[in-house]
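Colleague: I would like a close look at a single part of this model, the surroundings of the ligand. Please take it step by step.

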Amino acid sequence: MCGIVGYIGHREAWPIVIKGLKRLEYRGYDSAGIALISDEGLKIYKKAGKVTELENFAAGKNLSGTAGIGHTRWATHGAPSDRNSHPHTSNNGKLTIIHNGIIENYATLKEELKTRGHEFKSDTDTEVLVHLIEEIYKNEKIDLLEAVRLALREINGAYAIVLMDEEHPDQLIAARKGSPMVIGVGDGEYFIASDATPIVEYTKNVIYMNDNEIAFIKRDELLIKRLDNVVQTPYVQELELKLEMLEKGGYEHFMLKEIFEQSRSIRDCMRGRIYPNEGKVQLGGIKEYADKLKNIDRIIIVACGTSWHAGLVGEYLIEEYARIPVEVEYASEFRYRNPIITEKDIVIAISQSGETADTMAAIEMAKERGATIFGVCNVVGASIPRLTHAGVYTHAGPEIGVASTKAFTAQVTVLTLMAFYMAQQKGTLTNSKLVELLTELDCIPDKIQVALESNDLIKEIAGKFKDSRNCLFLGRGSGFPVALEGALKLKEISYIHAEGYPAAEMKHGPIALIDEEMPVVVIATKNSSYEKVISNIQEVKARKGIVLAIVTEGDTEVRKMVDYCIEIPDASEAFLPLLATIPLQLLSYHIAVLRGCNVDQPRNLAKSVTVE
Ligand code: AGP
């Protein structure tokens, strides 16, 4: 978590860095801080709270300087407070650092540094690193780049850092291992950030730093070397990101904008990959493995949170259509078990950010044991796509709201394409069935548009549910992961306790919770489990629960027995998760807004969970 920004060039650094921090605030919003260097020396402004609080705090102060670094924090070591905010400084106050990641051996290093006279002003692991760099710099009589390199070799853990030195105001030093870092290449200026969003309005030319690389940056010079001292030739690539993708475009919140983008994002995700008339799916990113897919015995899906829910939908689809057994694992559990993995396995790692620490660790473990790893990621160039053997990007565009919406439906779309692709390789679906399924899939973006038209009705229903303390979400088959996702959305942005359950499991426990105050959201669309779900609704109603049903348009049977109904267009079971998710996203959104919650930046959360 945490977002970092740096600038060195001919412009004033403050406006660039503060704007960059606002773009990166999705990564953490416990505190923010900026350090600037000018002829007058080093100036540091930092404050607990959001970036706007830093902005207010610094208003009217001297903010000049054409080099600067900034940080937005998701607290790990040390409470969110002014003193634990980054940047942190060395003992002599001349070096200043920002850091994203965790220094695991900081406690030992701190004790050792204390015996050498270092005094610490914060409870953070980051401050230890800048003191260590200073200690090496002072004792070894080497240049700062070399001191940073040697210090980083003593560090266990993950980091993306940027360092400034008051005595060398014309340089920045950046490094990464396990946490992302992009360098924007301008004309006589360089930009540094955790992702490309703070950079895109200034330059399209970027370098994604690799793990174990360290960069020495001056206005007109860039040197990148590895920690083993081997100089690298940087690979400059052009950004596809557009500025308007990072703005709210007239919506009140990013989450609402992202919900409404789903017709477009799903179309983008399918573009060039499906050929309905031919009954063909093309996935360039995994085509090298087409033969391997014909003979695999098993697929393991690893992911966290919403991406894990997408994995459950993937399990349903791959087993149904490609007849390959699938196991879906929480990355955080998988990595600490001793799972049986063989060279014949394919592991699919799903991640919007492409940075989730547990998912990355699970990939590394599976890779060491010989499995082939596919990635399903949204952020182009992130760490996970670089760790995997092959993969398919979701192309949903930047997702800024902390609650995942369009990334989830894009992940489900990619997994649907993968299931059909595998079925095509294995011959488990006839060509005419593939023609039928792909023709229907091609129409799903239009149906999503129709599902979005219930927004006003959903807002009205949200008003009835907004004061609930608990909520149950029920679904069967592929409707079960949708129920899990609906519950996660509600709890993360509205702070209402919510549980997702397979509808039939209700009577093994959760039914005890049902009374006249308990809202129960049921996915009751017309599919193979329709009749069974109706029985489950009866069971809830018999105990006076309040039922909101997501039904297929034109349904009259469920409508008669429930309190509220939201219709979605009719579709085959394979595509139900894509459609049924939409009203649940809107429901949580409106409930959260009505409760006055910060929808885009819910408390305690961050978009990229780069710590375990
Ligand atoms: C979703 O709304 C959550 N913010 C969270 O569960 C998220 O899906 C999870 O942290 C995984 O993130 P990733 O997809 O970037 O790996």
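How many Å separate a polar side-chain atom of Ser-307 from an oxygen atom of the ligand? And what else surrounds the ligand?

Modeller: Keep in mind that this is a predicted model. In it, a polar side-chain atom of Ser-307 lies 2.6 Å from an oxygen atom of the ligand. Ser-351 also places a polar side-chain atom 2.6 Å from a ligand oxygen. For Glu-492, the distance from a polar side-chain atom to an oxygen atom of the ligand is 2.4 Å. On its own the ligand has 420 Å² of accessible area, and the protein covers 90% of that. Two elements give two or more residues each to the shell around the ligand: helix 9 (305–322) and helix 16 (479–494).

The shell holds 15 residues, and Ser-307, Ser-351, Ser-353, Thr-356 and Glu-492 come nearest to the ligand. Sorted by class, the residues around the ligand are 8 polar, 5 nonpolar and 2 charged. The ligand lies between domain 2 (247–451) and domain 3 (453–599), because both domains give residues to its shell.

The largest pocket can be described in the same way. About 820 Å³ of space lies in this pocket. Its lining has 41 residues, and those closest to the pocket centre are Leu-241, Asn-378, Val-379, Val-380 and Pro-398. By class, the lining divides into 18 nonpolar, 12 charged and 11 polar residues. Domain 1 (3–245) and domain 2 (247–451) each supply at least three residues to the lining of the largest pocket.

How values were computed:
Residues numbered from 1 in each chain as written. Predicted model: local features only at pLDDT ≥ 70, side-chain atom pairs only at ≥ 80, totals over all residues. Heavy atoms only, no water. Near = heavy atom within 4 Å. Polar contact = N/O pair within 3.5 Å; in protein donor to acceptor, adjacent residues only side chain to side chain. Areas by Shrake-Rupley, 256 points an atom, 1.4 Å probe, with all protein chains shown as cover. Helix = DSSP H or I, 4+ residues; strand = E, 2+ residues; numbered from the N terminus. Nonpolar A, V, L, I, M, F, W, Y, C, P; charged D, E, K, R; others polar. Domains from an automatic or database assignment. 1 Å grid on protein atoms, 1.4 Å probe; cavity = no way out; pocket = protein on both sides within 12 Å on 5 of 7 lines; lining within 4 Å. Points joined across faces, edges and corners; volume = space filled by probe spheres on them.
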